Amino acid sequence: MKKIITVLMVLLAASAFVFANGQQDAAGSSSVELSFAGNYAFGGSTTVEPIVRAAAESFQEMYPLVKISYDAPGSSAGVKGALAGTYSIGAASRSLKSSEIEAGAIPYAVAKDGVAVVLNKGTVPMDNMALKDVIAIYAGEITNWKALGGPDAEIVVYNRDEASGTRSCFKDATVKTQKKSFTENAAIVTSNGDMVSKVGSTPYAIGYCGFGYIGKDAGTKAVTVNKIPPTPANVLNASYAVARELILITKGDLVAGSLEEAFINYIMSEEGQEIVAEEKFIPINS
Amino acid sequence: MTGIDVLKNRRSNTVQSSPQSRKINRQEIIAKGIICFFTAFTIAILVWIVGYLMVKGFRYNNDVSYDVTTQIEREIPLDNTDEDVVFIINSKVRSEDIPVAGLRKLYNKARKENWGFYNQQNLKVVPFAYEGAGSFSDDVMNFILTGSDLETYRKNVSQTSSWEDMIHRVGQTPGALGFIPASKAEGLPKSVKVLSVRRISLIVSPSVLRIQDGRMMREISQADADKLFSGKVVNWKEIGGIDLPVTLVFWDSKDASSIINRDEPVLAKIQIVHSEEDFYSSIVNTNGAVALGHYSSIESEGLSFIPVLRHETGWNLTWHFIFESPARSGQWGGVSYIILNTFFLILFTIIFSTPVGIMAAIYLVEYTNQGRLMRILRMGTETLAGIPSIVFGLFGFIFFVQICGLGIGFISSTLTITLMVLPTIIRSSEEALKSVPQSFREGSLALGASKLQTIIKVVLPAASPGILTGIILAIGRTVGETAVLIYTLGSNYDLVTGPSSSARVLSLHLYMLFSEALSFDRTFATGAILVILVLITNLSTTWIVKGVNKNASV
């Protein structure tokens, strides 16, 4: 018994040593500053997650004593978390409600994003959808692809959860414009990734996701809406209707010299905006 | 028919075979057949599941959409120099070829580019350049630069002093990238390899990408692209496009003859042009036109193109994946920290749960009378063992995280899992202790040992195989646990550094990769590691129990 424990301990120590060496880093990590230190918890939207995680990784390279974690429970939870102090920076993929602004939440727009309509690639032949058809599907008025010239099959509608910023943006740009509400017969998914993998694997499915998730699942395709392709350029020239700003949130104004200020400045910098583009979102300054 | 009758019949079977006994024989055979069938079926399903997970975990098999075709060029001709250029990289970089747009980004981005975008390897790109070779260097720079970003280029690259110096430094620096003239590319050292470039695109007339009846051409497989340029495709309809005749446009007749196979008749329309201007204008103006052209001309001339799918396959679960640390939400690097976190979680869970569990079992078996209270207690542990883990997760979140104020992190999750596996350990230890013959205890007591001595020196060693089995079952449950950890462990993928640090274990990582659609290949690879880990745990159970039994009998 003792022997086994000793062997296990030695193995564990050895593996810790080997694994810890796995970190590869090229020579010449430029300026290392030690002015910030400590653990910071950020959190919020699943859409903004890739940007914040990637930015946090670069940020931690600049300030090696800083540890930033990111939880992704959704936009609303991100705002709540920022207001409650659970997160020192919250993230949301929708604009703040007036009640949240009154409570002291301050938004910083860091990127723009469009919401694309995605279909199951193998079973739905359409590559273009009229906005009014999308609205009709999500309002529950059209329930069969046949009505749109497709195969005779029930439309499987996927929608996001109530906490989602993508949902509220999509709602504002679609069903809300005709004063309708979402159909009750939609399956609810809880993240963009969940959305594309479900739509990609369910025959006759329709869903929507941020541009960053287009093509992440080989079984999905993003369709043009009113013949306008979902591209960053079309969001910037405002021809693509379904778009929103991605924001970071703090409670009260930024404290000068704080890590939060440095982090938001970093995302707004040229390098930070490059990360935004890398993650297939639209830089705010362009 | 009663059992006695059956026995009678079976006995009589040897003497004489009555119709009744034959009937029973038949029934036996059929029953045996059905049992065998279901056994085989179950085994086949199990093998299939594990096999599927393993195949998917070890190999990836994808069609990836690129702006360029699969054609690779090792040596790239330059505009004003006769000498071709060859791009070289450090051998540690796991790339063989790269689209030309990617190559330009490696040199020109405001932020240091990472190889992760091209091969999921978390490694910074270190570009090298040599400006001392006159017009050759200028030409290469013109090839790499896109427009007016000379400043970023200058900021990014490190200058070398000669071609030999370039080769040497690329070989020394992980993630390095450089270029040399083709004549120097012979006999490169092992630490340096050539990076081929893919820069031919499928340029089409905008008419091909029109939407017709709600459908449009989105992308094309390499096989269809080849078919297109062998002249066999007359209409875009045949390869998934709209109803439009195909026209192949070629720069000159030499180009045309090199691509089209002469033995077979060419069915598609062909247009041969002789100047650059004609080439672009005829692509744009001819309905259904398609041509092979350089990717750079798409940007400069504002042309349309069709993305081409490349079939990519290779090893998924590699040593790199196991030994590299995760980056970019788990899209790059590997799972080393996550494997370690899993081990730490198991270790601390066992440290917390084993002493408590065994002591509870000893109390239940050795020190109490089997009364009503005991029955209630036993029922309690059994119920706890059957409660879904998400309920423990909820409890852990409310009690440890919020009420005790431990926060989401390692200690909260370890304590919650400890509570979850305790019933398993108590139950199996109890059974093991009960199975120790009463004569052992009586013998020990008769020799004058106290009760405590008897338990420690006699009962526990005899029961140890059973207790160990329980512990390993608990390990198995810890490895596979996800629901509890979502609420108590958080989702950070760094190495655990303290009791309050948020972390990820393998099962949680798998869940995150899947639910965020980050990478299905990596999800399966993580799944394969989990399967292997559970397999090792189970094998070690038999191994340890065997070893302990041997020791006990000696």
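**Figure 1. A buried arginine with a positive phi: B:Arg328**. In this predicted model, B:Arg328 counts as buried because 20 other C-beta atoms lie within 10 Å, and 20 is the number at which a residue starts to count as buried. Look for B:Arg328 in the loop that runs between β15 (326–327) and β16 (332–333) of chain B. The backbone is worth a glance too: phi of B:Arg328 is near 50°, a positive value in a residue other than glycine. For context, most residues other than glycine have a negative phi.

**Figure 2. Another positive phi in a loop, at B:Gln120**. Here phi is near 60°, again positive, and B:Gln120 is not a glycine. The loop in question sits between α4 (116–119) and β4 (126–129) of chain B. Is B:Gln120 buried or exposed? B:Gln120 is buried, with 22 other C-beta atoms within 10 Å.

**Figure 3. An open, mixed sheet in chain B**. Six strands line up in the order β3-β7-β2-β6-β4-β5 of chain B, and their pairing is mixed. Which strands sit at the edges? They are β3 (97–99) and β5 (158–159) of chain B, each of which pairs on one side only. Now zoom in on one pair from the sheet: β2 (residues 85–90) and β7 (residues 192–198) of chain B run antiparallel and are joined by 4 bridges. To find your way along this pair, start at B:Ile88, whose bridge partner in β7(B) is B:Val194.

**Figure 4. Helices α3 and α7 of chain B lying across strands of the sheet**. Helix α3 (residues 100–108) of chain B lies across β2, β3, β4, β6 (176–181) and β7 of chain B. Against β3(B), helix α3 of chain B runs at about 90°. Helix α7 (residues 163–172) of chain B lies across β2, β4, β6 and β7 of chain B. The angle to look for here is the one with β6(B), about 155°.

**Figure 5. Where chain B touches chain A**. How many residues does each chain put into the contact? Chain B brings 41 residues and chain A brings 41 residues. On the chain B side, β1 (59–66), α13 (336–367) and α20 (506–515) each supply at least two residues. The largest share on that side comes from α13(B), with 6 residues. Sorted by type, the chain B residues that touch chain A are 17 nonpolar, 15 polar and 9 charged.

**Figure 6. Chain B, a spread-out chain**. Chain B has 21 helices and 16 strands. Its radius of gyration is 35 Å, well over the 24 Å that the globule rule gives for 554 residues, so chain B is more spread out than a compact globule. Along the principal axes, the C-alpha atoms of chain B fill a box of roughly 105 × 75 × 50 Å. Of the 554 residues in chain B, 37% are buried. Among contacts in chain B with a separation of 6 or more, 72% come from residues 24 or more positions apart.

**Figure 7. The partner, chain A, with its helices and strands**. Chain A has 10 helices and 12 strands. Of its 286 residues, 45% count as buried. For contacts in chain A with a separation of 6 or more, residues 24 or more positions apart account for 73%.

Note on methods
Residues are numbered from 1 along each chain as its sequence is written. Chains are lettered from A and ligands numbered from 1 in the order in which they are written. This is a predicted model: local features need pLDDT of at least 70, side-chain atom pairs count only at pLDDT 80 or more; totals for chains, interfaces and linings use all residues. A residue is buried if 20 or more other C-beta atoms lie within 10 Å of its own, exposed if 12 or fewer, and partly exposed in between; C-beta atoms are placed from the backbone. Two residues are in contact if their C-beta atoms, placed from the backbone, lie within 7 Å. Ala, Val, Leu, Ile, Met, Phe, Trp, Tyr, Cys and Pro count as nonpolar, Asp, Glu, Lys and Arg as charged, and the others, Gly among them, as polar. Two strands pair if DSSP finds at least two bridges between them. Axes are lines fitted to C-alpha atoms, for helices over the stretch in contact, and angles run from 0 to 180 degrees between N-to-C directions. The radius of gyration is taken over C-alpha atoms; the globule rule is 2.2 Å times the number of residues to the power 0.38.
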